[in-house]
Amino acid sequence: MNPIALILLFPLLGFALNGTIGHKLPKGIAPWIGTLFIFLPFVITLGQWDILSNDVEATIKWDAYTFFNLDGIIFKAAFTLDRLSIWMTLIITGIGTLIHLYSISYMDHDPNAAKFFSFLNFFVFNMLLLVLGANFLMLFFGWEGVGLCSYLLIGFWYQNASYGKAARKAFIMNRIGDLGLLLGMFLIIKNYGSLEYSDVLPAIAQGTGGSVLLTSIAILLFIGAMGKSAQIPLFTWLPDAMAGPTPVSALIHAATMVTAGIYLVIRCEALYALAPIANEFILWIGLATALIGALIGLRQNDIKKVLAYSTVSQLGFMFVALGVGAYTTALFHVTTHAFFKALLFLGAGSVIHGVHDRQDITQMGGLKKMMPLTYITFLIGTLAISGFPLLSGFFSKDEILASVFHHNIVAYIVLVIAALLTATYMFRLLFLTFHGEFRGTDYALKDVHESNWKMTTPLVVLAVLSILGGVLNLPHYLLHTDGFLASWLRPTFLIFENPAHTDITTEIILIGVAISIFLFGFIYSRSRYITKNMSPEQSTAGIEKVLSNKFYIDEFYQKAIVRPIEFLGDILFALVDTLLLYGLTFSVHPILRFIGRFNRKIQNGNIEYYLLYMVGAIALLLGLNLLFA
Amino acid sequence: MGALSSLPLPFLILSFLTILGALYVVTSKNPVHSVLALIFTFFTISAHYVLLNAQFLAVVNLMVYAGAIMVLFLFVLMLLNLNKESEPLKSNIWGIAAAISAGLLLLVITAAFQTSGIAVMKGNAEGIGLVKNLGRVLMTEYLVPFELTGILFISAMVGAVLLGKRDKSEVVKSEETIS
Amino acid sequence: MLTIFHSLEISHYIYLSTVLFSIGLFGVLFRRNAIILLMCIELMLNAVNLLLAAFTEYMGDVQANGQMFVFFIMVVAAAEAAVGLAIIVMVYRNTRKTDVSFLDQLKD
């Protein structure tokens with residue numbers, strides 16, 4: 001059996017099993033099925049590593065099924081495992097396994113655990129479909145499937161109406177982006193007559209298609225990525241996605257879903273490399289997202305909201321890298337971000353679990369004594385994301401900063417500010433949660449407990465990965481050659497060349513800036529929240545109020561988009577529905593009733609009448625047949 | 001119909017009796033009289049079968065229809081105590097409507113046959129309607145339908161028994177009301 | 001075949017059968033007693049039987065296919081009578097009537 005088929009089969013099987021008979025199995029079986037069926041694809045994928053690493057050109061293909069052939073355009077389910085998709089698959093299944101393992105304990109008390117794991121498996125399946133697909137069609141299948149699963153999982157606790165609304169918001173925001181993706185695909189079909197990557201991308205790389213066409217396709221596809229990867233202006237769903245159980249947040253933010261947009265752009269590298277206008281667009285959207293996400297993250301008091309805005313901001317970083325054409329760097333940051341963001345979310349979940357489902361950091365503080373393991377791992381995550389030297393985030397973020405520095409100095413400065421804010425809000429979160437005095441009012445510190453091994457094991461594994469993740473792509477000044485990831489991905493790109501290396505002086509300056517960023521963020525937060533022992537701000541005035549209210553973007557969307565549409569709907573309801581449709585239907589029914597008053601007598605239920613009708617009808621039919629024969 | 005006089009007398013008499021019997025069946029107010037008239041009609045039809053060289057059919061018709069089925073009808077009539085002139089006849093409008101419908105069908109079917117232009121009978125070979133020939137055909141050509149009718153009969157029998165059986169709960173209830 | 005029937009045509013049997021059939025039909029429409037209704041149906045079936053026998057004669061069929069059909073129709077008629085009468089007995093037991101005018105539950 002084709003390994004790709006196996007990789008896809010297991011999560012689907014897990015989904016089917018848990019979805020149908022999961023709740024009938026003895027308690028505790030369903031979660032393990034779900035976890036195992038994500039772990040198996042991980043092992044299978046690892047087994048394929050050698051094949052790909054031995055031969056640069058090697059790809060594993062699987063033509064599963066041809067849907068239809070439309071005037072020469074073939075729509076088929078085809079999959080390919082190349083160096084890019086195996087990298088994504090390992091992230092998805094690897095981080096996915098850890099998150100599943102964590103969820104076993106996290107969802108222990110939930111009566112619908114089987115349903116939860118079924119959705120999780122389906123989520124992973126769709127994400128695998130997305131990255132393993134050999135054409136835009138499969139990408140779109142997975143793309144939509146991921147959207148559906150995010151809807152199901154964010155609204156998992158649908159009994160709470162606001163959670164249901166968050167799920168709908170995520171779905172609708174994604175749909176807006178999907179429209180862009182779909183239009184981009186239409187343009188590709190129209191101009192290249194195929195959806196296969198292997199047809200379209202080489203054609204683009206060889207210069208087929210004018211720059212207007214390429215730019216439009218690139219921007220349309222990027223609009224799809226904007227929705228899925230939560231970029232301005234479609235980012236508001238991601239913080240609201242916190243409504244789901246915490247492992248879902250970890251899965252969405254680290255391994256799946258939001259990385260789909262990055263993957264799409266990297267996959268279409270040939271397209272973006274030839275569309276400079278689209279690249280500038282991506283760069284500035286990414287920059288704005290990175291900055292705004294970080295600014296909002298400064299003044300949030302919900303532990304998961306801070307992390308959510310941090311993800312928005314980090315995704316902005318990745319798109320900045322894509323915008324300046326540093327595709328390897330973006331994927332590197334996706335990888336390290338997957339490690340430390342999964343770690344931070346799972347850590348936050350552990351905290352939430354430990355303090356009995358509270359998320360407000362104004363009610364925490366001083367938790368490090370009670371939850372030492374969670375504290376240490378969370379600290380590592382924080383250090384990694386803030387850019388502590390030699391941890392994974394330091395390398396990836398430094399690479400992004402370096403590539404932006406060469407591209408555009410203004411963008412570099414903006415990005416430095418965003419990185420500075422990242423360190424600040426992450427240490428604020430860490431200090432407020434774990435250090436200082438305990439501030440809880442409605443529960444006692446002694447109630448707080450450390451989580452069990454099923455929750456802490458993933459934390460430890462992810463912490464190790466967050467520390468060591470940097471070795472995946474060590475910078476040139478340490479190795480004097482390309483990093484591992486850079487040389488690994490090199491064959492998958494059609495146009496992209498690894499960037500020229502900066503001289504050592506510039507590098508040292510850049511590293512100096514990066515380290516000072518980290519130190520500044522650390523010292524600022526420390527002086528504010530530890531030395532001065534300030535409690536979290538109840539921001540009521542000025543810029544802080546704007547920040548804690550997320551720049552009023554939700555309110556703006558509400559006023560500028562939702563209200564007018566609602567208003568239009570009201571008008572249509574009043575005019576079309578009430579007047580036209582109701583008027584029509586209500587004028588029809590008296591007529592029908594009038595006719596029915598007579599027809600009713602025919603259907604009197606008496607068999608004699610029925611017989612008479614039957615004989616009459618037979619005579620009539622025979623007579624007609626005779627007349628017109 | 002002017003050609004009626006040219007027809008052989010036995011056929012005319014038999015047909016007259018058949019139609020008469022049939023009319024009595026549908027118009028008699030006493031159900032028992034209807035049954036008896038129907039038996040009489042079957043006898044005349046059997047006579048027609050003899051004329052048509054279907055001797056075995058004539059005998060079977062008498063045995064199955066006149067004998068078995070009609071006795072069953074009679075039995076049920078007696079069982080339900082309907083041997084009086086108890087049936088309220090329908091109104092005249094119903095009579096007219098029924099007559100018109102039936103007459104219309106008669107008219108249409110006759111008209112249809114008029115156009116088909118079928119002529120004189122060829123006549124059968126001797127002994128076609130005897131049991132020897134019929135049995136051979138039945139057991140060779142029509143074996144499968146023959147077996148299927150067996151199944152049909154069994155299911156009809158089971159169905160009839162099942163329908164006629166009282167529900168157990170019903171029995172208990174009626175016994176309770178008696179005691 | 002009897003010699004006196006040489007002047008007989010198939011159409012005469014067709015008329016006879018049609019008349020019998022229509023009489024039976026009239027009975028079905030006109031009568032209200034369910035048992036008489038069943039009897040009228042038997043009459044209609046017999047009209048058809050007669051016609052089948054006549055057509056066997058008309059075709060000069062050595063296999064006697066028409067007569068075979070008569071047998072099968074008889075079988076079906078017997079089965080129908082048995083089940084039909086059982087239903088009537090059942091209805092009578094529940095309603096104390098065999099009058100079809102009162103059986104107007106079909107509309108529900």
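This briefing walks through chain contacts, salt bridges and a few picked-out residues and helices.

The model is predicted, so local features need pLDDT of at least 70 and side-chain atom pairs count only at pLDDT 80 or more, while totals for chains, interfaces and linings use all residues. Residues are numbered from 1 along each chain as its sequence is written, chains are lettered from A and ligands numbered from 1 in the order in which they are written, and side-chain values use heavy atoms, with hydrogens and water left out. Chains B and C bury about 7800 Å² between them, and chains A and B bury about 840 Å².

**Chain B against chain C**

- On the contact count (heavy atoms within 4.5 Å), chain B puts in 86 residues and chain C puts in 77.
- Carbon and sulfur atoms give 75% of the roughly 7800 Å² buried here; buried area is the accessible area, with a 1.4 Å probe, that two parts lose on being put together, summed over both.
- There are zero salt bridges across the interface of chain B and chain C, where a salt bridge is a side-chain nitrogen of Lys or Arg within 4 Å of a carboxyl oxygen of Asp or Glu.
- Four residue pairs do make polar contact across the interface of chain B and chain C, both residues being at pLDDT 80 or more. A polar contact is a pair of N or O atoms within 3.5 Å; within protein, one must be able to donate a hydrogen and the other to accept it, and residues adjacent in sequence count only if both atoms are side-chain atoms.
- On chain B's side, at least two residues each come from α1 (9-27), α2 (31-51), α3 (55-79), α4 (92-116), α5 (131-140) and α6 (143-164). Helices here are DSSP runs of H or I with at least four residues, strands are runs of E with at least two, and both are numbered from the N terminus.
- Helix α4(B) gives the largest share of that side, with 12 residues.
- By type, the chain B side splits into 56 nonpolar, 21 polar and nine charged residues. Ala, Val, Leu, Ile, Met, Phe, Trp, Tyr, Cys and Pro count as nonpolar, Asp, Glu, Lys and Arg as charged, and the others, Gly among them, as polar.

**Chain A against chain B**

- Nine residues of chain A are in contact with 12 of chain B.
- Of the area of about 840 Å² buried between chain A and chain B, carbon and sulfur atoms give 82%.
- The side of chain A that touches chain B has seven nonpolar residues, one polar and one charged.
- Between chain A and chain B there are zero salt bridges, and zero residue pairs in polar contact with both at pLDDT 80 or more.

**Salt bridges**

- Over all chains, the count comes to five salt bridges.
- A:K76 and A:D63 pair up at 3.2 Å, N to O. They sit 13 residues apart, A:K76 in strand β2 (residues 73-81) and A:D63 in strand β1 (residues 60-70) of chain A.
- A:K76 is buried at 19% relative accessible area, whereas A:D63 is exposed at 52%. The cut-offs are under 20% for buried, over 50% for exposed and partly exposed in between, using a 1.4 Å probe and protein chains only.
- A:E144 bridges to A:R175, with the closest N and O atoms 2.4 Å apart. A:E144 is in helix α5 (residues 136-154) and A:R175 in helix α6 (residues 161-192) of chain A, so the pair ties together parts 31 residues apart in sequence.
- A:R175 is partly exposed, at 36% relative accessibility, and A:E144, A:R175 and A:D178 are linked in a network of salt bridges.
- A:K169 and A:D240 form a salt bridge with closest N and O atoms 2.9 Å apart. This pair joins helix α6 to helix α9 (residues 237-240) of chain A, 71 residues apart.

**Helix α14 of chain A**

- All 21 of the 21 residues of α14(A) are buried, so the helix is largely enclosed by the rest of the structure.
- At its N-terminal end, A:D302 acts as a cap, with a side-chain oxygen 2.9 Å from the backbone nitrogen of A:K304.
- Just after α14(A), A:G325 has a positive phi of about 85 degrees.

**Two buried threonines**

- A:T80, in strand β2 of chain A, is buried at 8% relative accessible area. Beyond four places in sequence, A:T80 touches residues including A:I4, A:T59, A:S85 and A:L132.
- A:T329, in helix α15 (residues 327-354) of chain A, is buried at 8% relative accessibility. Leaving aside neighbours within four places in sequence, A:T329 is in contact with A:S396, A:E399 and A:I400.
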